[in-house]
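Welcome! Here is a short tour of a protein model for someone meeting it here. Please have a look at the sequence and the structure before reading on.

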Amino acid sequence: MQLSTIDLILVGVYFLVMLFIGFQTARRISTPDDFAVAGRRLTWPVVFATMAATFLGGGATMGRAGQSYEIGYAFMFAAIAFPFQTMLVGWFIAPRLNAYRKSETIGDIFELHSGRLARLLVGILGLGVSIGILGAQALALGTIFKVVFGMDPTLGIIVGMVVVLLYSTAGGMWADVQTDVIQFIMLGIFLPVALLIGVFTAGGPSDFVARIPDTHLELFSAFGFWEFLAIFVAFALGEALIPPYVQRAFGATDPKTARKGYAFAGAFGLIFYFVSASLGVLAFVMYPNIAADDAIPAVVTELLPVGAAGLVAASLVAVIMSTADSLLNSAAVVFSKDIVKGFLVPNIKPRQLLWTERASNFGIGLGALLFALNAESIVDALLLTYGFWAPTVVVPLVAVVVTKQRAPVAVVAAMTAGAVSSAIWTFGLGTPADINAVIIGLPINIIVLIATYALVDAPRNRRTGTEKVVAA
């Protein structure tokens, strides 16, 4: 069953609104700072909405629902590590990031603490993680267009990504933030409504719970302890402090604003993860023979009445676009600032840098498209990406931001060791026992960071008297 004409019109109106916002906002983008961090004028409710809309993308909806369809609530308990981590980062780290008032990327921070080579490495890693997670969003768009609109998945990916490319390229982070607020409101209302309608269609809460298989209610139903731990750590740290989240900390008006926006977004994520997991379990109860990633689209097309189906379908597209546009923007900023300006064209003029940021959106979008077409599932795409971000950047970034220490050798050595060990585990050994590379790469990253700092950087800092870095 596909959507009715009324539902399709509602989805079409949503697309037009997003495009209008993007091109209307383009007039406010006159500097790279506007494009990258929205002029640093985000209030805490806006930070809250844009953060939540950004991390509640295809993985948090389609991916979580698909995994819950297959194995039940166990995956939700593993993945729920992410919103807990977001609350902690919001309280302790986001205000410190906001203190770097001249920074627009993680590379800016690493160059202050560790030099240009660290900036280049984190720029490459940041670009890779943004493209990987963006690819998962493109894959989710293809699934929605296939199940809900009856469209070829590849064509659906192209249509959805073109809309995102147009408004994100035109309006930069200003457009992303404005569309994110709308998209947050849509997902916060319509997906819980879809769950309620679906549960009562299934006979009410008591009948629905009675029809759930016992295996779908067990904590370790499909995992051994080490596999569960690896997934938990991967979701706790694999997407922590990725470029679009750090940009939102930079864009907040002050440290207190960054803290509140981040922390409230994490709290909302706890509720939303339960909603998306329950939609997956509901789809399993009602339609046990569909593809796992089709769980939420099936609920939308089969259980919801005309009008409601269109609004929920638009909210599904919205939740994925809200993540995709942020990742596109951050990837373009990382490429332009950390790689082009940082190494290739150091003296590039501001206006040229702005157009470089806009132009790079298209190449990055193409890279994400290719990634999506070669990934087996939305969650597979995310976990592969997480296995290279958490063991390289997260701990060194937190360490330098909290301690303010100079660590030019330790940061580079730790990132390199984490990346190499994760690559060997994933590609050389083929991910033994399906345990994510983060469980191997992260300890190596931490050990190398501490040992190299103690043996090399700390003695050098004491000799030169340059231990501390002033945030700038």
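The notes below cover the core, the salt bridges, the aromatic rings and the surface.

This is a predicted model, where local features need pLDDT of at least 70, side-chain atom pairs count only at pLDDT 80 or more, and totals for chains, interfaces and linings use all residues. Residues are numbered from 1 along each chain as its sequence is written, and side-chain values use heavy atoms, with hydrogens and water left out.

**Core**

- The largest nonpolar core (buried Ala, Val, Leu, Ile, Met, Phe, Trp, Tyr and Cys residues joined through side-chain atoms within 4.5 Å) has 140 residues.
- Helix α16 (residues 308–344) gives the largest share of this core, 16 residues; helices here are DSSP runs (H or I) of at least four residues, numbered from the N terminus.
- Tyr14 is among the residues with the most contacts inside the core, together with Leu56, Leu97 and Phe110.
- Beyond its neighbours within four places in sequence, Tyr14 is in contact (heavy atoms within 4.5 Å) with residues including Gln183, Met186 and Ala314.

**Salt bridges**

- The whole structure holds five salt bridges, each a side-chain nitrogen of Lys or Arg within 4 Å of a carboxyl oxygen of Asp or Glu.
- Lys337 pairs with Glu104, their closest N and O atoms being 3.8 Å apart.
- Because Lys337 lies in helix α16 and Glu104 in the loop between α7 and α8, this pair ties together parts that are 233 residues apart in sequence.
- Both Lys337 and Glu104 are buried, where buried means under 20% relative accessible area, exposed over 50% and partly exposed in between (1.4 Å probe, protein chains only).
- Asp108 forms salt bridges with Arg119 (2.6 Å, N to O) and with Lys337 (3.3 Å, N to O).
- A network of salt bridges links Glu104, Asp108, Glu111, Arg119, Lys337 and Asp338.

**Aromatic rings**

- There are 13 aromatic pairs in the whole structure, counted when the ring centres of Phe, Tyr or Trp (its six-membered ring) lie within 6.5 Å.
- Phe48 and Phe264 meet edge-to-face (planes over 60 degrees apart), with 6.3 Å centre to centre and 65 degrees between the planes.
- Phe48 lies in helix α3 and Phe264 in helix α14, so the pair joins parts 216 residues apart in sequence.
- Phe48 is buried, at 18% relative accessible area, whereas Phe264 is partly exposed, at 42%.

**Surface**

- Val162 lies in helix α10 (residues 153–201) and is partly exposed, with a relative accessible area of 40%.

Technical notes
Helix = DSSP H or I, 4+ residues; strand = E, 2+ residues; numbered from the N terminus. Phe/Tyr/Trp six-rings, centres within 6.5 Å; stacked < 30°, edge-to-face > 60°.
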